[in-house]
Amino acid sequence: MSMPPKNEPTVRSVPIGGIGTGGFETGPDGRIVNVTMNNNRSKELEIPSNDGAFLAVRAALNEQVIARILQTNSSLPFRKAGIEAPFPAQNQLGWSGLYPSSTYGLRDSDLPISISWRIFSPVLPYDTEAATLPMAMFSVQVANKTEHDCDASVMFNWESLRGCSGQIRRKHRGDLNIIAMNEHEELMPLAPALAVRRRDPVLGAVFGLGERITRDADGDYTLVAAPRPEQVISFYGWRHESPEDVKGLWWSFVDDGVLPNQVTDSKPATCASLCIAQNLPPGGKAQYSFIHTWMCPQYTLDGANVGNG
């Protein structure tokens with residue numbers, strides 16, 4: 001990103017989200033910050049960061065496994081879980097911000113793959129419907145730099161902030177359901193245990209679907225993957241405060257390249273992780289795509305619910 005003239009402010013983050021829908025910001029460190037998707041439109045109600053949201057990549061080549069978290073830090077309890085989290089240094093991250101997207105690249109000579117990713121919203125000129133969708137897209141590009149087959153997995157984790165605003169963090173942030181596709185190619189929200197028993201292809205997860213709306217910050221969060229036929233999706237539901245859950249998430253991802261398709265016993269779950277895995281031939285390239293949407297239908301103005309849409 002080119003530097004501005006000395007007297008002009010430096011761009012430090014880019015807003016992501018449909019026009020008028022709220023959203024979040026992304027900047028040079030790769031973190032999700034300044035979250036306003038819960039009708040928390042004032043500065044004092046803005047959530048400073050979604051500490052449980054992150055992307056991670058894993059590459060396995062000739063029995064050697066390397067994993068990286070694609071941001072410079074996180075407050076998740078990695079250390080308490082006995083994990084030395086593999087965050088890159090700031091100078092390893094390349095970032096270019098131009099509304100409505102942030103584009104990143106990772107400089108890491110130890111990885112057998114090259115990786116870049118883009119976080120954006122579908123804000124299109126003269127297309128009001130697309131420009132006002134409460135949606136963020138995460139597109140990760142991976143290329144095998146070697147002359148051997150390489151297994152490459154990308155994980156996206158989102159911490160539900162349902163009912164939260166400002167410094168308020170609620171314990172229960174919506175029930176977690178799994179989004180699966182049945183034999184008729186219809187999407188179904190299922191309780192996690194039922195989703196595991198049915199063995200339908202999993203596409204995503206949703207918090208708070210169909211639950212009672214009592215506050216402006218109530219609604220639902222949906223996280224889905226958009227896989228190619230050669231890609232495999234797995235999921236994990238867990239609680240962000242639990243070191244044991246962090247351990248289960250991380251070592252499943254690192255050791256196996258997939259997630260265990262379960263929700264932990266730590267109640268209530270506050271995080272949903274999706275993993276897309278694929279084998280890349282020598283010189284092979286792949287795109288790993290995730291979509292996050294939100295809906296908080298109640299908005300109170302001067303004591304009246306004026307809605308959101």
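Start by selecting F24, F138, F156, W158, Y221 and F290, which ring pairs link into a cluster. Rings of Phe, Tyr and Trp (for Trp, its six-membered ring) pair here if their centres lie within 6.5 Å; planes under 30 degrees apart count as stacked, over 60 as edge-to-face and the rest as tilted.

Before you go further, a word on what you are viewing. This is a predicted model, where local features need pLDDT of at least 70 and side-chain atom pairs count only at pLDDT 80 or more, while totals for chains, interfaces and linings use all residues. Residues are numbered from 1 along each chain as its sequence is written, and side-chain values use heavy atoms, with hydrogens and water left out.

**Stop 1: inside the ring cluster**

Keep F156 and F290 highlighted. Their ring centres are 5.7 Å apart and their planes stand at 55 degrees, so this pair is tilted. F156 belongs to strand β11 and F290 to strand β19 (residues 285–295), so the pair ties together parts that are 134 residues apart in sequence. Helices (H or I, at least four residues) and strands (E, at least two) are DSSP runs, numbered from the N terminus.

Are these two rings buried or exposed? F156 is buried at 1% relative accessibility, and F290 is buried with a relative accessible area of 1%. Buried means under 20% relative accessible area, exposed over 50%, and partly exposed in between (1.4 Å probe, protein chains only).

**Stop 2: strand β18 and its partners**

Now select residues 271–280, which make up β18. Nine of its ten residues are buried, so β18 is largely enclosed by the rest of the structure. Two strands pair if DSSP finds at least two bridges between them. β11 and β18 run antiparallel and are joined by ten bridges; to see where they meet, show N157, which stands opposite S273 in β18. β16 also pairs with β18 in the antiparallel sense, over seven bridges. Here the residues to show are S234 and, opposite it in β18, C275.

**Stop 3: helix α3**

Next, select residues 243–256. This is helix α3, whose 14 residues reach 19 Å from the first C-alpha to the last, close to the 20 Å expected at 1.5 Å a residue. The expected span is 1.5 Å times one less than the number of residues.

Which residues of α3 are buried? They are D245, V246, L249, W250, S252, F253 and V254. Their cover includes β5 (54–61), β6 (64–69), β11 (150–159), β16 (232–238) and β18 (271–280). Step just past the end of α3 and you reach G257, which takes a positive phi of about 75 degrees.

**Stop 4: F78 and its surroundings**

Select F78, found in the loop between β6 and β7 (93–98). F78 is buried, with a relative accessible area of 5%. Leaving aside neighbours within four places in sequence, F78 is in contact with I69, I83, A85, F87, V246 and W250; contact means heavy atoms within 4.5 Å. V246 and W250 take you back to α3, where both are among the buried residues.

There are eleven aromatic pairs in the count. In one of them, the rings of F78 and F87 have their centres 6.0 Å apart and their planes at 90 degrees, so the pair is edge-to-face. F87 is partly exposed, with a relative accessible area of 26%.

**Stop 5: charges over rings**

Show R41 together with Y299. The charged end of R41 sits over the ring of Y299, 3.8 Å from its centre. A charge sits over a ring if NZ of Lys or CZ of Arg is within 6 Å of the ring centre and within 35 degrees of the ring normal. Then move to R118, which lies over the face of F120 at 4.0 Å from the ring centre.

**Stop 6: a buried aspartate**

Select D218, in the loop between β14 (202–207) and β15 (220–225). D218 is buried, with a relative accessible area of 1%. Which residues is D218 in contact with, leaving aside its neighbours within four places in sequence? Show R162, G163, R212, I213, M295, C296 and P297 to see them. For a distance to try in your viewer, D218 and G174 are 8.7 Å apart in space, C-alpha to C-alpha, and 44 residues apart in sequence.

**Last stop: the four-stranded sheet**

Finish with the open sheet of four strands, in the order β1-β2-β3-β4, with antiparallel pairing. Its edge strands, β1 (14–16) and β4 (47–49), each pair on one side only. Between them, β2 (residues 24–26) and β3 (residues 32–35) pair over two bridges. Select T26 to end the tour: its bridge partner in β3 is I32.
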